[in-house]
Amino acid sequence: MPGVQKRSEDPAERIREIEAMLAAITAFEVTMLDMSGRIASWSAGGEALTGYTAAEVLGQPASMFYADDDRPEIERRLRTAQDVGRSEFQGWRWRKDGDKYWAGVVLAPVRRDTGELTGFVSVTRDETERRDIEERQQRQRDEILELSTPVVQVWDDVLVLPIIGTLDSRRAARLTEGLLATIAETQAKVIILEVTGVPTIDSVLAQHLLNTVRAVALMGTVSILSGVRAEVAQSMVNLGVDLGQLRSRSTLRDALQLALRLLADQPSTPGSGRPGGDDAERFGLGHSTERPSWPGSV
């Protein structure tokens, strides 16, 4: 066909064509390895990435770019590539000048038409920038999670945890971890889980809340659910969501009333800063004949 160059059938010429193609690739390190994992060919991309010339690396093991502790990894990856046809992995590698970079590596076996293994091809790319961006984004997500689940101490023994939006497993774990740390630091006796900002409570969210309540109870702290709106309550009933014995109040004010009653029901000591019955009245929260139970109490 016009304009189409016929591929050479001469093996030596084909090798030269492949080498010329590899030499044109500078964004990747494309390396041929022999069956023992030693470098059999080098490319311009490899020199640009590592700083080593072909004379410095040919015949050397591919593990020369790895730290001592990581060198067995390349041997394991070569076996994987041989067995399954491909091996992809990431890790730190070292340049000639001593700088390290995060490398994404793909290994594949090279075989004859008969299936006989003759070596491996290794394609490596510098993924340092991508990794840095992902780590920065992860830190930003973590910071947002911290800001989205602040634990507020409203009294010496009372904490409020406003929950806004939905809870996935990761955010729920961070929420519980941060809450337990704050309880350990403040020795709080009551925690109010304020869910006014939660659009709906499904079975998954309910399970996250119950897991948090169980963890909190192990530290001797009582949980109160606050801010369950009528439509949310109806949705929970329709879904068959069971919050067990978790105390629930429709507003934060009601939840604070209950919290003060819980504290008033406990023995207080002078100067402890814990509100007794008079404190509830002074804050205009009123009294109740309800006598709530504490974890482990009869």
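**Burial, salt bridges and cores in a predicted model**

Guide: Arg76 has a relative accessible area of 38%, which makes this residue partly exposed. The model discussed here is a predicted one.

Visitor: Why is Arg76 called partly exposed?

Guide: Buried requires under 20% relative accessible area and exposed requires over 50%. The 38% of Arg76 falls in between, and therefore the residue is partly exposed. Glu73, at 25% relative accessibility, is placed in that class by the cut-offs too.

Visitor: What makes the contact between Glu73 and Arg76 a salt bridge?

Guide: The cut-off is 4 Å between a side-chain nitrogen of Lys or Arg and a carboxyl oxygen of Asp or Glu. For Glu73 and Arg76 the N to O distance is 3.1 Å, so the pair satisfies the definition. Both residues belong to helix 4 (residues 71–84), where they are 3 residues apart, about one turn of the helix. Glu73, Arg76 and Arg77 are also linked in a network of salt bridges. The whole structure contains 11 salt bridges.

Visitor: How do you know that Arg86 and Glu88 form a salt bridge, and are these residues buried or exposed?

Guide: Their side chains meet at 2.7 Å, N to O, which is within 4 Å, and so the pair qualifies. Arg86 has a relative accessible area of 45% and Glu88 has 48% relative accessibility. Neither value is under 20% or over 50%, so each residue counts as partly exposed.

Visitor: Why does the salt bridge of Arg95 and Asp126 tie together separate parts of the chain?

Guide: The closest N and O atoms of Arg95 and Asp126 are 2.8 Å apart. Arg95 lies in the loop between strand 3 (87–94) and strand 4 (100–111), whereas Asp126 lies in strand 5 (residues 117–126), so the bridge joins parts that are 31 residues apart in sequence. Asp126 is partly exposed, at 30% relative accessibility.

Visitor: What makes strand 9 mostly covered?

Guide: In strand 9 (residues 222–226), 5 of its 5 residues are buried; each therefore has under 20% relative accessible area. Val222, Ile224 and Ser226 point one way, Ser223 and Leu225 the other way. In a regular strand the side chains alternate between the two faces of the sheet.

Visitor: How do you know that strand 9 pairs with strand 8 and strand 10?

Guide: At least two bridges are required for pairing. Strand 8 (residues 190–197) and strand 9 pair in the parallel sense over 5 bridges, and strand 9 pairs with strand 10 (residues 247–249), also in the parallel sense, over 3 bridges. Both pairs therefore meet the requirement. Leu193 stands opposite Leu225 in strand 9, and Ile224 stands opposite Arg247 in strand 10.

Visitor: What places Leu193 in the largest nonpolar core?

Guide: Members must be buried residues of nonpolar kinds, Leu among them, joined through side-chain atoms within 4.5 Å. Of the 22 residues in the largest core, Leu179, Leu193 and Ile201 touch the most other members. Helix 7 supplies the largest share, 5 residues. The contacts of Leu193 include Leu161, Leu179, Leu209 and Val213. A second, separate core of 19 residues includes Leu33, Tyr66, Ile74 and Phe120.

Note on methods:
Residues numbered from 1 in each chain as written. Predicted model: local features only at pLDDT ≥ 70, side-chain atom pairs only at ≥ 80, totals over all residues. Heavy atoms only, no water. Buried < 20%, exposed > 50% of the residue type's maximum accessible area, 1.4 Å probe, protein only. Helix = DSSP H or I, 4+ residues; strand = E, 2+ residues; numbered from the N terminus. Contact = heavy atoms within 4.5 Å. Lists of a residue's contacts leave out its neighbours within four places in sequence.
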